[in-house]
Amino acid sequence: MQLTQFQIDAFTSRVFEGNPAAVVPLQVWLPDAVMQAIAMENNLSETAFFVRNDDGFQLRWFTPIKEIELCGHATLASAYVIFNELNYAQDTIVFDTLSGALTVTRNGDWLEMDFPALASQPCAVPAAVVEAFGHAPVACLQARNYIVVFDDENFVREVQPNIQTLAGLDLHGVMITSRSQEYDFVLRYFAPKYGVNEDPVTGSAFTQLVPYWAQQLGRQAFHAKQVSARGGEVRCALAGDRVRIAGQAVKFQEGTIGFGL
């Protein structure tokens with residue numbers, strides 16, 4: 001069997017920045033174990049697979065160790081492949097996913113995703129968070145992930161947390177965030193229990209962060225940066241119960257997966 005695979009850097013206009021995702025277009029679904037094995041072999045934070053359907057495309061995401069329900073950067077990367085490599089004629093793609101229908105609309109070089117907003121509730125700061133970061137935050141909230149808020153942008157940029165301690169937390173991952181001098185806010189994201197010690201740019205994180213910062217700052221639209229080693233910029237906005245997340249993408253490589261089943 002031979003499959004075409006693309007590696008796309010998402011949330012950037014330059015290679016070697018943003019968040020790399022592997023994207024594998026399929027005619028029919030492979031066995032789940034095979035898709036998981038491909039994701040493990042790629043060893044990127046996510047590998048995306050999609051199949052054309054009547055309304056658009058069905059899309060699935062795999063980390064190196066398991067399938068997940070939502071991934072922003074690999075959705076952006078998949079849309080880039082469909083628009084630019086498969087020459088999709090329409091301006092909006094509808095993806096059928098485990099998180100429901102997700103749309104991506106192109107506007108020049110920018111691709112805007114429409115995701116469901118995810119409200120977070122204030123919670124007590126887990127002892128493991130203070131232990132992992134060596135510093136108590138000013139606030140902590142939880143939904144799918146923990147939002148851990150600090151009042152020092154430099155701390156968010158520079159801290160090297162204890163990854164093993166974070167892996168023991170009960171939720172999907174931990175995002176740390178603060179106000180920023182250059183941007184509206186900055187963030188980093190850690191999900192070691194899913195095989196991602198630190199994600200370069202995390203589109204799905206904004207489904208929680210945008211509602212939080214909208215409440216804190218009293219407005220709806222933001223220019224944010226994920227300050228990982230690779231880094232990536234995101235334009236995002238709250239629109240009712242949805243979050244619009246826009247970024248650019250660029251192809252790093254294209255190749256062929258060849259194996260026997």
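# Cysteines, cavities and buried segments in a predicted model

The structure holds zero disulfides. Such a bond is a covalent link between the sulfur atoms of two cysteines. The model is a predicted one, and the statement about disulfides refers to the geometry of that model. Cys123 takes part in no disulfide, and the nearest cysteine sulfur, which belongs to Cys140, lies 3.6 Å away. Because a disulfide requires the two sulfur atoms to be within 2.5 Å, the pair Cys123 and Cys140 does not count as one. Cys236 is likewise in no disulfide; for this residue the nearest cysteine sulfur is that of Cys71, at 16 Å. Cys236 is buried, its relative accessible area being 4%.

The overall architecture may be considered next. The chain contains six helices and 18 strands. For a chain of 261 residues, a compact globule would have a radius of gyration near 18 Å, and the value for this chain, 18 Å, agrees with that expectation. The C-alpha trace spans about 50 × 35 × 30 Å along its principal axes. Of the 261 residues, 54% count as buried. If one takes the contacts between residues at least 6 apart in sequence, 61% of them join residues at least 24 apart.

Two residues in the loop between β1 and β2 deserve attention for their backbone. Most residues other than glycine have a negative phi. Phe11, which is not a glycine, nevertheless has a positive phi of about 65°, and Phe11 is located in the loop between β1 and β2. Phe16 also has a positive phi, of about 75°, although it is not a glycine, and its place is in the loop between β1 and β2 as well. Their surroundings can be compared through accessibility. Phe11 is buried, with a relative accessible area of 2%, whereas Phe16 counts as exposed at 59% relative accessibility.

The path then leads to helix α1, which comprises residues 32-42. Its buried residues are Val34, Met35, Gln36, Ile38 and Ala39. The elements that cover these buried residues include the strands β1 (2-10), β2 (19-26), β3 (47-52), β4 (57-62), β5 (67-68) and β18 (249-258). Just after α1, Asn43 adopts a positive phi of about 55°.

Helix α6 presents a further case of burial. Nine of the 12 residues of α6 are buried, so this helix is largely enclosed by the rest of the structure. The buried residues of α6 are Phe206, Thr207, Gln208, Leu209, Val210, Pro211, Tyr212, Trp213 and Ala214. The residue that follows α6 is Gly218, and its phi is positive, near 70°.

Ser204 lies in the loop between β14 (196-199) and α6 (206-217). Is Ser204 buried or exposed? At 9% relative accessibility, Ser204 counts as buried, because the limit for that class is under 20%. Apart from neighbours within four places in sequence, the residues in contact with Ser204 are Leu70, Gly72 and Arg144.

Ser204 also leads to the internal space of the model. Rolling a probe the size of a water molecule over the atoms shows where empty space is left. How many cavities of 30 Å³ or more does a search of the whole structure find? The search finds two. The largest cavity has a volume of about 140 Å³. It is lined by 19 residues, of which Glu46, Tyr189, Asp199, Thr202 and Ser204 are the closest to its centre. At least two residues of this lining come from each of α2 (72-84), β13 (185-191) and β14. By class, the lining of the largest cavity consists of eight nonpolar, eight polar and three charged residues.

The second largest cavity holds about 30 Å³ of space. Its lining is formed by Leu166, Leu169, Leu171, His172, Gly173, Val174, Phe190, Ala191, Pro192 and Lys193. Sorted by class, seven of these lining residues are nonpolar, two are polar and one is charged.

How values were computed: Residues numbered from 1 in each chain as written. Predicted model: local features only at pLDDT ≥ 70, side-chain atom pairs only at ≥ 80, totals over all residues. Heavy atoms only, no water. Helix = DSSP H or I, 4+ residues; strand = E, 2+ residues; numbered from the N terminus. Buried < 20%, exposed > 50% of the residue type's maximum accessible area, 1.4 Å probe, protein only. Contact = heavy atoms within 4.5 Å. 1 Å grid on protein atoms, 1.4 Å probe; cavity = no way out; pocket = protein on both sides within 12 Å on 5 of 7 lines; lining within 4 Å. Points joined across faces, edges and corners; volume = space filled by probe spheres on them. Nonpolar A, V, L, I, M, F, W, Y, C, P; charged D, E, K, R; others polar. Rg over C-alpha atoms; globule rule 2.2 N^0.38 Å.
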